[in-house]
Each structure stands twice: as C-alpha cells, then as structure tokens.
Amino acid sequence: MTRCALTIGALALSLFTAGCVAGTSPQTAAAPADDQPFEGEVEFWTINLKKNYSDYITGLIAQYEKEHPKVSIKWVDVPGQESATKLLAAVASGDVPDAVNVNSVELGRFVPSLEPLDAYFGQKELADFQPNLVEPMRMDGKLYAVPWYNGGSPVAMYRKSVVSKAGFDEKAPPTSFAEALALADKVYEKTKVNGTNAIPDHTALRYHGVSLLTDDKKKAAFNTPEAIAVLETFKKSYDKHGIAPGAISKDIRNLPQSLENGQVAFKPMANAAELLNIQKNAPDVYKDLVITEPVKMNTGGYLLLAQQAFSIPKASTHKKAAAEFIKFFTNGVNQLAFCKIVPIYPSTVSSTKDPFFTEAAGDDPMAAARQVIVKGLPQLQYLPLGTSKDAELAEYLMEEVRAFLQGSQSAEEALDAAEKRWNDALA
C-alpha cells in the first residue's frame with residue numbers, strides 16, 4: 001500500500017521478483033566507430049540484478065565493449081540490503097566503483113562523495129529523459145545522478161468477488177483516501193474481510209497535501225491540524241477493521257493480511273511489481289482482480305517514492321569512460337528492452353512511445369495495469385524528501401503512527417514525538 005517505500009532498497013527488491021521473459025534480448029544503439037575518446041576499466045555496480053537479469057546486462061556489456069575496444073566493463077552486482085553499506089565502505093577506502101546504481105532515496109547521503117555530472121550530461125545528453133525525473137537528481141543546482149528506471153505510476157487493485165458485495169463500481173473507483181477508507185469499512189461490514197492495509201504514513205500525509213519539511217529542509221513541518229485529522233480518519237477505519245490489524249507490522253514486505261494471501265479486499269495504490277507477485281503466488285486472487293486508476297494526491301497527480309539512478313564517485317579515475325557507459329546503458333532503446341523483461345518503467349520519453357506501452361490492451365490484469373500506468377505517467381511527481389536521512393525519517397514517523405493506531409498515544413502525541421525525532425535527526 002502506501003507503506004514506507006523509502007526504506008533502503010525496498011523498491012529495488014520488490015521489482016526484482018520476476019524472471020526474464022523467454023526470447024527477449026537487449027537491443028543497443030550503435031555508437032560511431034571513431035567516437036572513442038575514453039579508455040580503461042569501468043567498474044560498474046548494480047543492485048540485486050545478477051540472479052534474474054544476467055543475460056540482459058552481460059549482453060549490453062558485450063555489445064559496448066565490442067563497439068569500444070579500449071574500454072572494459074567490470075560488473076559488480078550488490079545485494080539490495082547491502083548496497084548503501086558497501087558504497088559507504090568503498091567511499092571510505094577510496095576504492096570506489098566508477099559507475100554506481102544508487103537508489104534515489106539514498107542519494108542525499110552520498111552527494112559529498114559524488115562527482116557532479118553536468119560536464120558529462122548536458123542538454124543534448126539529457127534530452128530524452130523525462131524532465132520531472134531528472135530535476136530531483138540535482139542538488140544545489142548540480143546534477144549528481146542520471147535517472148534509470150522506476151515503478152511507474154500506481155494502480156488500484158480490487159478483488160471483484162469481495163468488493164462487489166459492498167457496492168463497488170469499477171467505473172467509479174475511489175479517487176481519494178477518504179473514499180477508499182469508506183469503502184474499506186463497508187467491505188468489512190458486509191463481508192467480514194478486511195478492506196485494505198493502508199496506514200497514514202508519510203505518503204498518505206503528502207497525498208493529503210501535508211508538507212513534511214520546511215523549505216530549507218532543516219525542520220519537520222507535518223505537525224499540523226490537517227495531519228492530525230488524517231491520522232484520526234485512518235484510526236477510525238483501523239478500529240472498524242476496514243484497515244487490517246496487521247497493517248502496523250514492521251515487516252512491510254510480508255504483512256499478515258494482504259491482497260496476495262486473500263485476507264484484504266483491495267489496495268487503493270500499488271505498483272506493477274506487486275501485481276506480478278500476485279500473478280505468480282496467488283493465481284486465484286489474480287483472476288479475481290479488477291485494475292483501476294488509484295487514489296490521487298490533492299494536486300491530481302501521483303507520487304513517485306523512489307527511482308533507480310546512476311552516479312559517478314569523485315574518487316573514480318575513469319569518469320569520462322563511466323559517463324559514456326551510463327549514457328549507453330540508460331538510452332531509450334536499452335531501457336525499453338529492460339522494461340520488456342521486468343515490470344518497471346523507463347525514465348526516457350522515447351521508450352514510452354513504443355507499441356509495448358501504447359498498444360497494451362486486453363482484460364488480463366497486467367495488460368489493464370499497463371494501460372493505467374501509461375496514462376498516469378504524465379501525472380507522476382517524484383518528490384523526495386531530499387535530505388541525507390530520508391529513510392530514517394520515514395521510519396521515525398512510521399513508529400509513532402504504529403503506536404497511535406494501537407492506541408498507546410493520541411494523534412497529537414504521535415506527531416509531537418515524530419516531529420522531535422525529525423528535528424533532532426536534522427539538527
């Protein structure tokens with residue numbers, strides 16, 4: 001649901017549960033034969049890709065090395081849960097990768113050790129990237145990462161055999177959390193099935209228009225009457241079992257009641273990777289799903305919580321070669337090829353114009369989801385907290401919200417405690 005997607009590596013890990021589609025191979029855009037103003041070994045790090053996508057990546061590396069014989073690529077794949085730790089260790093030792101896959105949530109903490117990319121990625125090189133995904137990669141006016149892929153705009157998923165008993169109309173699904181919670185309460189009342197597992201985390205607050213930080217990002221800004229009202233609305237639904245009791249679990253990837261295990265009726269906001277998990281692990285639930293547009297922010301758009309990107313450490317001795325390989329690896333053709341073997345979405349505009357996205361059709365939930373996602377891409381807003389402690393801050397808020405939902409403190413006390421923890425962390 002809207003759970004703490006800012007937890008380190010959570011998005012990356014959730015996207016890598018699918019296997020490659022048989023017969024799909026990467027395509028490349030050929031580089032001019034005389035365009036080889038760089039050389040050396042480029043150490044290239046990715047996050048949790050080797051197990052399922054080795055053929056795709058080694059294929060691109062082989063093609064690139066063939067076109068650029070003075071360059072060799074050393075590929076290192078890092079487990080998702082270790083990615084930040086390993087990069088911190090590499091920076092401390094001075095033995096850094098040349099091109100490194102960074103989760104955008106963690107970008108802020110690494111900026112002091114990263115090379116500004118403006119000298120390598122000018123207007124021409126960035127022309128095919130979606131501007132709304134590039135700009136958040138800038139800090140203090142400098143570009144520190146190039147976007148790669150993301151989870152796309154969200155979708156909503158409903159078990160029609162359950163929600164139909166509560167009067168659900170798939171042509172008029174909930175467009176706000178308030179509407180979604182009202183449906184969740186009604187579902188439980190009519191069926192004794194928990195409606196959903198949404199809780200009022202940082203995402204839900206932002207969907208209601210609550211600012212999380214002051215403009216200078218030095219203090220918390222969410223302790224407001226509006227935020228208190230949001231928390232209390234969710235608490236009422238939690239007490240009525242519209243929200244599943246296990247929604248407060250810290251194990252956000254294995255909630256006790258979930259759509260996948262058939263113990264909740266719907267998710268008003270989810271990503272394509274979650275749908276793929278249901279298709280793989282709960283085929284009966286998958287067949288019962290109706291896919292619609294999700295709930296929207298008060299601005300009418302959708303919030304993108306994180307994206308995968310590439311950066312170059314300052315200590316790299318092959319910055320030019322690393323930059324050129326990143327340009328190749330993230331070009332529109334290669335991103336499209338990756339999207340065809342895993343349910344992710346590209347940062348390049350040209351990729352989204354391919355028939356794979358524009359001609360998606362059919363009653364299958366995955367095909368329906370692709371249509372919803374493509375329609376929602378123009379409304380996608382990547383709005384990171386933009387501090388060096390995004391993941392920590394999100395969890396601090398979650399801990400207080402869990403305590404509030406369990407009844408051990410009021411909404412005011414929860415926000416007071418979270419505010420203090422944020423301000424202490426940001427001091």
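**Exercise 1. Which helix gives the largest share of the negative patch?**

Solution. Bear in mind as you work that this is a predicted model.
- Step 1: find the patch. E232, E412, E413 and D416 form a surface patch of negative charge.
- Step 2: turn to the helix. Helix α18, spanning residues 411-426, supplies the largest share of the patch, 3 residues.
- Step 3: look at one member. E413 sits in helix α18. Its relative accessible area is 45%, which lies between the 20% and 50% cut-offs, so E413 is partly exposed.

**Exercise 2. Describe the overall dimensions and make-up of the chain, and compare its radius of gyration with that of a compact globule.**

Solution. Start with the secondary structure and then move to size.
- Step 1: the chain contains 18 helices and 13 strands.
- Step 2: for 427 residues, a compact globule would have a radius of gyration near 22 Å. The chain has 22 Å, so the value agrees with that of a compact globule.
- Step 3: along the principal axes, the C-alpha atoms occupy a box of roughly 70 × 50 × 30 Å.
- Step 4: as for burial, 56% of the 427 residues count as buried.

**Exercise 3. Find where N48 and D140 lie, and say what is notable about their phi angles.**

Solution. A bit of background helps here: most residues other than glycine have a negative phi.
- Step 1: N48 has a phi near 60 degrees, a positive value although the residue is not glycine. N48 belongs to the loop that runs between β1 (40-47) and α2 (50-67).
- Step 2: D140 also has a positive phi, near 55 degrees, and is likewise a residue other than glycine. Its loop lies between β4 (138-139) and β5 (142-143).
- Step 3: check accessibility. N48 has 29% relative accessibility, so N48 is partly exposed. D140 reaches 82%, and because exposed means over 50%, D140 is exposed.

**Exercise 4. Is E106 buried or exposed, and which residue forms a salt bridge with E106?**

Solution. Recall that side chains of opposite charge can pair when their charged atoms come close.
- Step 1: the partner is R109, and the closest N and O atoms of the pair are 2.6 Å apart.
- Step 2: E106 has a relative accessibility of 6%, and because the buried class is under 20%, E106 is buried.
- Step 3: R109, at 35%, is partly exposed.

**Exercise 5. Trace the salt-bridge network that contains R138, then look at the pair E274 and K267.**

Solution. Begin with the total and work down to individual pairs.
- Step 1: the count of salt bridges comes to 16.
- Step 2: a network of salt bridges links D118, E135 and R138. Within it, the side chains of R138 and E135 meet at 3.3 Å, N to O.
- Step 3: R138 is partly exposed at 27% relative accessibility, and E135 is partly exposed at 45%.
- Step 4: E274 and K267 form another salt bridge, with the closest N and O atoms 2.2 Å apart. K267 has a relative accessible area of 8%, so K267 is buried.

**Exercise 6. Where does D364 lie, and what separates its C-alpha atom from that of K287?**

Solution. Go from the loop to the distance.
- Step 1: D364 is in the loop between α15 (355-358) and α16 (365-376).
- Step 2: D364 has a relative accessible area of 36%, so D364 is partly exposed.
- Step 3: D364 and K287 are 77 residues apart along the chain, and 8.1 Å separates their C-alpha atoms.

Conventions:
Residues numbered from 1 in each chain as written. Predicted model: local features only at pLDDT ≥ 70, side-chain atom pairs only at ≥ 80, totals over all residues. Heavy atoms only, no water. Patch = residues over 30% accessible without salt bridge, like charges linked within 9 Å, V, L, I, M, F, W, Y side chains within 5 Å. Areas by Shrake-Rupley, 256 points an atom, 1.4 Å probe, with all protein chains shown as cover. Salt bridge = Lys/Arg side-chain N within 4 Å of Asp/Glu carboxyl O. Lys, Arg positive; Asp, Glu negative; His and termini not counted. Charge placed at Lys NZ, Arg CZ, Asp CG, Glu CD. Helix = DSSP H or I, 4+ residues; strand = E, 2+ residues; numbered from the N terminus. Buried < 20%, exposed > 50% of the residue type's maximum accessible area, 1.4 Å probe, protein only. Rg over C-alpha atoms; globule rule 2.2 N^0.38 Å.
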